[in-house]
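Visitor: I am new to this structure and should like to understand the terms applied to it. Might we go through them together?
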Amino acid sequence: MRKISFYLLGFLLAIILSGCSGKIDASKELNMAISGSPLSADPVMLYDGNTGIMCKFFCSTLYEYNNKKELKPALAESYEVSEDGLTYTFHIKEGLKWSDGRPLTAEDFVFGFRRFSDPNVGSNAVYLITDCCKLKNAEKILAGELPLSELGVSAPDNLTFIVELEEPCTYFTDLLTNNNFTPCNEDFYHSKGNKYGSSHDAVLSCGPYILDRYEPLATQIHFVKNPYYYDSDSILLSGVNIQVIANQQQALMCYETGAIDIMEVKGELLELTDDDPELNILPGASLYFLFLNQNGSRPELMNKNIRMAISKSIDRQDITDNLLRSGFSPMTRIIPPGFYFETDGTDYAIDQHLYDEYAIYDPDTALTYWKQGLSELGVSSMTFELIFNSDKITECEAIAAQLERNLPGLHIELLGVPFKERSARRAKGEYEIMLSNWFPDYSDPTSFYALYLSNATAKSYHNPEYDEAYDKTCTTEMSKNAYERNKLLHKVEDIIMEDAGTVPIYTTGNTYLIRSNVSGFQTPPTGTGIIITGLSKEEG
Amino acid sequence: MARYIGKRILIAIVTILVILFILFLLLQLMPGSPFNDEKLSAEQIAVLKEKYGLDKPVVVQFLTYVKNMLKGDLGVSYALSPDTPITDLIANRFPVTLKIGFFGMLLGTLTGMLLGFLTAFFKNKVLNVFYNILTLLGVAVPSYLFAMCFSYFLGYRGKLFPLLYDFRSPISSSIMAVVAMSLGVMAVIARFSKAEASDVMKSDYVLFAKCQGLSNTTTILRYVLKNSMMPVITVMASLLVGLLTGSLVIEQMFSIPGVGGLLTNAIAVNDYSVVIALSFVYSVLYIVVMLILDIMYCVIDPRVRLGGKPE
């Protein structure tokens, strides 16, 4: 009996002591809440916002946004692009090192890019190299038709990294800010076998911080300053703690007790925090809009007057002011403000009322279009199904009520479904009207315009004129003339907006509670992810 | 005896296979797949399904899965943490769940036994009211509700404990979760302890011991406690499994990196392989514990009948 008691006591002590790890003073570190666990610490698997935030702390890429939202060389020193716009030669900064002190060379970029294109790795984000830009041979490699060695990347020496594209891509350096393009050291990768990215020990850092606590589906992620980072002097925090808190109210309680310094505020909590002086609305670029399925399954939606009537019957201002509140703005065009800039530095979408004629709320004009459409179709009423993510019920009820009130004979059936179901229906084209949203991957209007190409996943809009205008913006000639290209880009938006091919509803800002002693927290122009250079926290 | 044990093991295996097959079917019937996303093209989804064998018929998938499982390979995660072996995911998180569950169990058992035995031995009115209130609350109120109350009053208002699990202070940040989980255990153990102790107190051998001139304390310590403990210990086993598997909401609430969060996240993103693997682990846990209990019963108490006819 005594022996058993002795072992039991020993077991208890072991359990208790295993919980006593070294103490870190949490008040001196930045404590940030995110809503879900990152997918992986392997940056090529990055595909969602939470993984994106984690990667920003320990990964770096050739180009990055600084805290003034300017695109600046990071691991690259400079680059040159060939006459045809297809070959980019990046000059890597001298003396770069990984977090274990080994040198970071151009070969690491070659290996990193190859892993990203490897079908066996299976990154969900490969559309960045097959759709957003066309990295040479990436599509064929992913289809298993060519070996990885045929990918259009090479390193003639330790400081030169060459990328070849199949089509010019004017925003290529912007695209490279995605951490999927982080370098990877081949020797280290192979030393970890198939465990690369599965824990903090199984990755190397080349970013501002070293990942020093991570496990798959971690609820807490911890970073310490990376002394080998090329710009370590500008890193002002000794450590960062990211806490995964799925419940927003729990996160708010943590924020109010001081355990959290930064948290994103969404949904119902916006109302609770509306008057909080620490509530910050950072520019965002996500667009919420209605896909009107024009694939022929509902001939009524092929009628321009019907589409115009729908677009002009929605009081977007009422929805954003009275339903959604902080951080939401009505949209009557596709491109949100502050997302892309003209060659002279002015905002590409500075005139947010450019397409008001086709999209602003005007029930009288809408009724005229509606009557015209009904008479062209020879019907007196019609019913559409509006599909949406279940959490968007309030907005959709308001949209349906406005449409039914302003367009006599129109009946809207609401169908709230889980996100996965909506995505599946969208991919199969099985919808009539769908409230969708889009978070751009890079700061170029084509990131939005590509949604409406005839061969886009949703297949909602079919207009050869639109497709042709879009294709013209991607030519070699246009890649060398940003001014002319921007003019063409405007034309692309003119075509779809004048045709009421889509119905923009609203854009969202990024609403964060940021403690007053924290400064330098920014989001990039795409609105997704964060900029961490210049992030600091004063004691107290 | 051997025949009885063999029969029980066979039933357990068939039960697990049936559970697995039903789970497979249910997950197939659910809308969507782990790869539903706005930005994935149909071709990319097809490549991913092929990579993980999800393009094959359900029966083939099921048989492959069972075959791999028998080799100890639970597969990899498709969506939550792509390509991470599920055994690694569970191995990383199970110790935390085990630790919190164990302490919840320990606290609940000790306080429950104390409350149950004290109420049985000292037939005190105030103590009885106290017992009734505590056990009624413990049985009727789900542990996550206690967790919410602790979170609000002790964590948020009182600032006595951290609101979330923190690896930098694991003990203080686990206290609220442990106490919330222990209350249900405490109630069940208290009721069992009181009932058993009251029965034993009325038994002939206790009466005989008293007649022999043994003091109340000696009788209780030497005979009553010992004989009341056995049923309590048997109920503890199933309570422990319940704690390990039933702490889903509490883990989520306190951001505890345990297996509960793993399951809820996997269900949310249709990560079939993780859901099935965890359901399998949970089923095995339950079935094995129940099997051990059944076997223990007939070892401890020969009066337990095996197979319906007297031996």
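Guide: The questions and answers below concern chain B, its interface with chain A, and some salt bridges.

Guide: This is a predicted model, in which local features need pLDDT of at least 70, side-chain atom pairs count only at pLDDT 80 or more, and totals for chains, interfaces and linings use all residues. Residues are numbered from 1 along each chain as its sequence is written, chains are lettered from A and ligands numbered from 1 in the order in which they are written, and side-chain values use heavy atoms, with hydrogens and water left out.

Visitor: What makes K195(A) and D88(B) a salt bridge?

Guide: The term requires a side-chain nitrogen of Lys or Arg within 4 Å of a carboxyl oxygen of Asp or Glu. In K195(A) and D88(B) the closest N and O atoms are 2.4 Å apart, so the pair satisfies the definition. The count between chain B and chain A is 2 salt bridges.

Visitor: Why is the pair R168(B) and E29(A) said to join two chains?

Guide: R168(B) lies in the loop between α6 and α7 (175-201) of chain B, and E29(A) in the loop between α1 (2-18) and β1 (30-34) of chain A, so the pair joins two chains. Helices (H or I, at least four residues) and strands (E, at least two) are DSSP runs, numbered from the N terminus. The closest N and O atoms of R168(B) and E29(A) are 2.9 Å apart.

Visitor: Why is R515(A) called buried?

Guide: Buried means under 20% relative accessible area, exposed over 50%, and partly exposed in between (1.4 Å probe, protein chains only). R515(A) has a relative accessible area of 17%, so the word buried applies. D261(A), with a relative accessible area of 2%, is buried as well. R515(A) forms a salt bridge with D261(A), the closest N and O atoms being 3.4 Å apart.

Visitor: How many residues of chain B are in contact with chain A, and how much area do the chains bury between them?

Guide: Contact means heavy atoms within 4.5 Å, and 49 residues of chain B are in contact with 56 residues of chain A. Buried area is the accessible area (1.4 Å probe) that two parts lose on being put together, summed over both. Chain B and chain A bury about 4600 Å² between them, with 57% of it on carbon and sulfur atoms.

Visitor: What is the secondary structure of chain B?

Guide: Chain B comes to 12 helices and 0 strands. Of its 311 residues, 45% count as buried.
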